[in-house]
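Reader: I am new to protein structures, and I would like to learn how to read one feature at a time. Could you take me through an example?

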Amino acid sequence: MPDLKGRTALVTGSSRGIGRGIAERLAADGALVAVHYGHDEQAARETVTHIRERGGEAFAVGADLSTVAGVDGLLAEAGSTFADGGRDRLDVLVSNAGFSTTFFEATTPEIFDRLFAVNARAPFFLVQRALPLLADGGRVVSVSSAAVRVAVADVAYTMAKAAVVAMNRTLAHLLGERGITVNTVAPGAVDTDLTAAERREQPETRQVIIDMTALGRIGTPADVADVVAFLASDDARWVTGQLIEVSGGLFLGLPPGLAH
């Protein structure tokens with residue numbers, strides 16, 4: 001297991017789902033984790049409690065990442081809390097917060113703007129504004145989506161997630177002189193507290209996804225968190241500018257019945 005003792009981590013959107021899995025894994029590896037939430041403070045505090053009960057260190061911090069002021073507030077509060085604990089730097093920044101919306105035809109300008117604000121603009125300004133706090137040799141990991149590789153109905157969401165991939169490739173070059181690595185993970189279908197119930201109500205859709213996944217199951221938050229933990233560790237010191245799909249081999253081939 002990677003050793004992150006003495007290091008700090010900020011994981012956006014980590015009160016639930018994939019983000020919570022990442023926060024818990026980084027804390028288990030020894031990092032002091034800032035658990036960010038946008039609206040669900042109770043869920044964030046439950047995540048912090050879960051981490052602490054297992055011997056980890058974490059605290060909750062809320063911010064609306066649809067605004068740059070929210071980004072600044074998040075970094076200020078997280079940095080202050082890190083400093084109170086005797087750590088004056090940010091070692092690992094994970095941009096996970098995001099949301100999907102609706103079909104192409106139903107996407108209004110307002111939905112489009114908010115989607116890009118959270119999914120693309122926030123990760124950009126998080127890195128930019130965090131540079132004074134971010135440690136040399138630090139780690140930046142963004143969560144995109146396997147949707148950037150295929151055609152899906154939520155066009156605006158896919159556009160925003162693709163923008164993050166392009167951004168991180170350039171940031172890896174720009175920040176390399178400081179020894180900071182910048183990588184992107186792209187999850188496929190993942191069962192979270194928000195999606196698992198929905199998929200259980202649509203068993204046919206769930207089975208189609210399983211049939212289209214080489215490893216034959218839906219992913220879990222831990223499947224994604226383990227890859228993020230690797231990228232946050234010293235073991236990934238020579239990996240930067242990469243997009244790593246964490247999907248179990250989603251859409252690698254044709255559906256059953258069409259393959260022959």
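Author: The turns below go through aromatic pairs, a few single residues and a pocket in this model, which is predicted.

Reader: Let me begin with the rings, then: how many aromatic pairs are there?

Author: The general idea is to look at how far apart two ring centres are and at the angle between the ring planes. In this structure the count comes to three aromatic pairs. One of them is formed by Phe59 and Phe82, whose rings are 5.5 Å apart from centre to centre with 75° between the planes, an arrangement that is edge-to-face. Phe59 belongs to strand S3 (residues 57-62) and Phe82 to helix H3 (residues 68-84), so the pair ties together parts that are 23 residues apart in sequence.

Reader: Are Phe59 and Phe82 buried or exposed?

Author: The value to read is the relative accessible area, and a residue counts as buried when this is under 20%. Phe59 has 10% relative accessibility and is therefore buried, and Phe82, at 1%, is buried as well. Another pair to look at is Phe112 with Phe116, where the ring centres are 4.7 Å apart and the planes stand at 20°, so that this pair is stacked.

Reader: Where do Phe112 and Phe116 lie, and how many residues apart are they?

Author: Phe112 and Phe116 lie in helix H4 (residues 109-130), and because they are four residues apart there, about one helical turn separates them. Phe112 is partly exposed, with a relative accessible area of 29%, and Phe116 is partly exposed too, at 21%. Asp113 is also placed in helix H4, and with 52% relative accessibility Asp113 counts as exposed, because the cut-off for that class is over 50%.

Reader: Which residues does a buried side chain such as that of Ser144 touch?

Author: For a contact one looks beyond the immediate neighbours in sequence, to residues that the fold brings together. Ser144 sits in the loop between strand S5 (134-143) and helix H5 (155-175), and its relative accessibility of 4% makes Ser144 buried. Once residues up to four places away in sequence are set aside, Ser144 touches Lys161, Val165, Thr184, Val185, Ala186 and Pro187. With Lys161 there is also a polar contact, in which the side chain of Ser144 reaches the backbone oxygen of Lys161 at 3.0 Å.

Reader: What does the side chain of Asp91 lie 2.8 Å from?

Author: A polar atom of the Asp91 side chain lies 2.8 Å from the backbone nitrogen of Thr8. Asp91 is found in strand S4 (residues 90-95) and is buried, with a relative accessible area of 9%. Its contacts, leaving aside neighbours within four places in sequence, include Gly6, Arg7, Leu134 and Gly138.

Reader: My last topic is empty space: how much of it lies in the second largest pocket?

Author: Rolling a probe the size of a water molecule over the atoms shows where empty space is left. The second largest pocket holds about 150 Å³ of space. It is lined by 15 residues, of which Arg217, Gly219, Asp223, Ser247 and Gly248 are the closest to its centre. Sorted by class, the lining of this pocket has eight nonpolar, five polar and two charged residues.

Definitions and conventions: Residues numbered from 1 in each chain as written. Predicted model: local features only at pLDDT ≥ 70, side-chain atom pairs only at ≥ 80, totals over all residues. Heavy atoms only, no water. 1 Å grid on protein atoms, 1.4 Å probe; cavity = no way out; pocket = protein on both sides within 12 Å on 5 of 7 lines; lining within 4 Å. Points joined across faces, edges and corners; volume = space filled by probe spheres on them. Nonpolar A, V, L, I, M, F, W, Y, C, P; charged D, E, K, R; others polar. Phe/Tyr/Trp six-rings, centres within 6.5 Å; stacked < 30°, edge-to-face > 60°. Helix = DSSP H or I, 4+ residues; strand = E, 2+ residues; numbered from the N terminus. Buried < 20%, exposed > 50% of the residue type's maximum accessible area, 1.4 Å probe, protein only. Polar contact = N/O pair within 3.5 Å; in protein donor to acceptor, adjacent residues only side chain to side chain. Contact = heavy atoms within 4.5 Å.
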